[in-house]
Amino acid sequence: MKGRSTTQFIALAAVLISVLILCGFSFSEVKLKSNRPLIDLQETVKESSFGDDDTMTETDTKEGEEVDETLSEETEPVNTILIREQNVYYNNIRQTDISGMIGKIRGQSEDISVVLTDDYADYKNYKAVRDALIEAGIPFTEEMMK
Amino acid sequence: MRPKIAYKNRLALILAGLTAFIFLCGFSFGKVYVTLDMRDYTLYREIPAEEIFDALAADKQSTKASYDNEYCAVFGKLKAVAKDGRSFEIAPAEGFDSKTIHCILNDSFQGEFPPAGDPLYVLGKMRISLFGAGSCSMEADGLRRASSRLAQSETYLTLNGDNIRPDHMSARVFGKDSITKEPIVRLAIPKSFEAVEEELPEQKDQPKLDGYLYRLNELEDTRSSKPEQFYIFWFDNEKQLLDQNDKNRSQDIARAIIRNILPGENIRLGRFPIRRTVYGNEYIYYDTAYTGYNAEFVFKPCGDDGLLCMLYVYRNSDHKKDILSIFRFVE
């Protein structure tokens, strides 16, 4: 029995490795002659920013359940994801579980709008929402951004 | 008997797992969104219907080589529309119309047909058949009404009404063939880009890159405070790869370039490589974010010589159409 399970394990490993290779996974990385950046994005992006502040900020939101905290000021239309002041709101309710939120809106993806704050300071949430939408197969387009 | 059943179960589990894995891989790769998607702004080469018929009559093999699968805007007159409203025929705008091009509209078309006999452009993908005397058909993406031919010189039409002329663009070349000394890649950029073009600066411990940076947000028609930058450069395998045995690993070289420019980037399986065929050329895409900006890499592998690399960094993609027009002229 032991011999057979070892053989099966080796066969399974071989098949998985073959699949990974077929999927484009590579075990050895290509190395460049120099590790210095080919392009210094940090420098060039800042140079032309006309004084725009692109500081990346950390959020203080916690993973977990939806927080019942509605926006006190003007409200956004339905099916709108609003990213403002380091918080994410969906249908005007503050969300802390972005994956869960994406799950809820999956069926309404055609009507989804993403609203960002003017200064884009809340980059981490923006990226999280954007990546979650893309991961969920909901195209993130410029038209979604109002 | 029991071990035999357990073995079968295990085998079934392995097969199910593998099927699910392959299924997931295939589907996740197919759904990844890219910003510089040619379908958002396709350039169709302008050509009158009679020119295609003349070419077919002269040499159907070379006509197939020139036009088959090519995105074309064929000028002719509407001859007939089928009852289903999805297929129709066009004939040369002038003269005899015994020869026609059969066109089938794709499902997204919502417009209306002009009256039969009216001139129009049909924009879509051309199909050339060598059967018999040769024939052509089109997978039509849309129609544009036109009272006469728009241009006699080389022009490209778009579905949203733009007309783009290559003589209003500027040629750029990248790379150099080690034997012939000829450029490896030729393309054209919009002339307006020249105002914000600068050569890529030399970086410490790196050979100078053969390429340009375009600060598009600084163009007169934009002047936005939000950077929108387009980089295009040639990655020379011989100059920049540590191990020359890696020359044929284009996909892994592309991955190494991404990691070089965005250190610490977590490139996940399923998000890379995204492959797209654009006007007959194969490209590798990678879409990500960089400190508050969208960042999209596009690579065109060029054999063992190197890769043409493009990087679009933006918040508002105001010049997306201009960049997409460049892809039409990559040779």
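How many of the eight residues of α6(B) are buried? Six of them are, and α6(B) is mostly covered. The views below come from a predicted model.

**View 1. Helix α6(B) is mostly covered.** The buried residues of α6(B) are B:Lys320, B:Ile323, B:Leu324, B:Ser325, B:Ile326 and B:Phe327. B:Lys320 and B:Ser325 are thus on the buried list along with B:Ile323 and B:Phe327. Just after this helix comes the segment that holds B:Arg328. That residue is the subject of the next view.

**View 2. B:Glu70 and B:Arg328 form a salt bridge.** Their side chains meet at 3.4 Å, N to O. The pair links distant parts of the chain, 258 residues apart. B:Glu70 sits in the loop between α3 (60–67) and β2 (71–81) of chain B. B:Arg328 sits in the segment after α6 (320–327). Are these two partners buried or exposed? B:Glu70 counts as buried, at 18% relative accessibility. B:Arg328 counts as buried too, at 10%. The cut-off for buried is under 20% relative accessible area.

**View 3. A salt bridge joins B:Glu46 to B:Arg149.** The N to O distance is 2.8 Å. B:Glu46 belongs to strand β1 (residues 44–48) of chain B. B:Arg149 belongs to the loop between β6 (135–145) and β7 (156–157). The pair therefore ties together parts that are 103 residues apart in sequence. B:Glu46 is buried, with a relative accessible area of 8%. B:Arg149 is partly exposed, at 24%. Side chains of opposite charge can pair when their charged atoms come close.

**View 4. B:Arg165 pairs with B:Asp167, and four other residues form a network.** The closest N and O atoms of B:Arg165 and B:Asp167 are 2.8 Å apart. B:Arg165 counts as partly exposed, at 30% relative accessibility. B:Asp167 is partly exposed as well, with a relative accessible area of 45%. Elsewhere, salt bridges that share partners join B:Asp246, B:Arg249, B:Asp252 and B:Arg255 into one network. Over all chains, the salt bridges number 18.

**View 5. Helices α2(B) and α3(B) cross at roughly 135 degrees.** Helix α2 of chain B spans residues 49–58. Its axis and that of α3(B) come within 6 Å. The two helices are therefore oblique to each other. Which residues of α2(B) meet α3(B)? They are B:Glu51, B:Ile52, B:Ala55, B:Leu56 and B:Ala58. On the α3(B) side, the partners are B:Lys60, B:Thr63 and B:Tyr67. By class, this contact has five nonpolar, one polar and two charged residues. An α-helix has 3.6 residues a turn, so residues three or four places apart point the same way.

**View 6. B:Gly292 is a buried loop residue.** B:Gly292 lies between β15 (281–290) and β16 (293–302) of chain B. Its relative accessible area is 4%. B:Gly292 and B:Arg315 are 23 residues apart in sequence. In space, their C-alpha atoms are 7.6 Å apart.

**View 7. Chain B as a whole has six helices and 17 strands.** Chain B has 331 residues, and 49% of them count as buried. Its accessible surface comes to about 15800 Å². Carbon and sulfur atoms contribute 51% of that surface. How much of the contact set is long-range in sequence? Of the contacts in chain B with a separation of 6 or more, 55% are between residues 24 or more positions apart.

Technical notes: Residues are numbered from 1 along each chain as its sequence is written. Chains are lettered from A and ligands numbered from 1 in the order in which they are written. This is a predicted model: local features need pLDDT of at least 70, side-chain atom pairs count only at pLDDT 80 or more; totals for chains, interfaces and linings use all residues. Side-chain values use heavy atoms; hydrogens and water are left out. Helices (H or I, at least four residues) and strands (E, at least two) are DSSP runs, numbered from the N terminus. Buried means under 20% relative accessible area, exposed over 50%, partly exposed in between (1.4 Å probe, protein chains only). Axes are lines fitted to C-alpha atoms, for helices over the stretch in contact, and angles run from 0 to 180 degrees between N-to-C directions. Angles under 35 degrees count as roughly parallel, over 145 as roughly antiparallel, 65 to 115 as roughly perpendicular and the rest as oblique. Contact means heavy atoms within 4.5 Å. Ala, Val, Leu, Ile, Met, Phe, Trp, Tyr, Cys and Pro count as nonpolar, Asp, Glu, Lys and Arg as charged, and the others, Gly among them, as polar. Accessible areas come from the Shrake-Rupley method with a 1.4 Å probe; for residues, only the protein chains shown count as cover.
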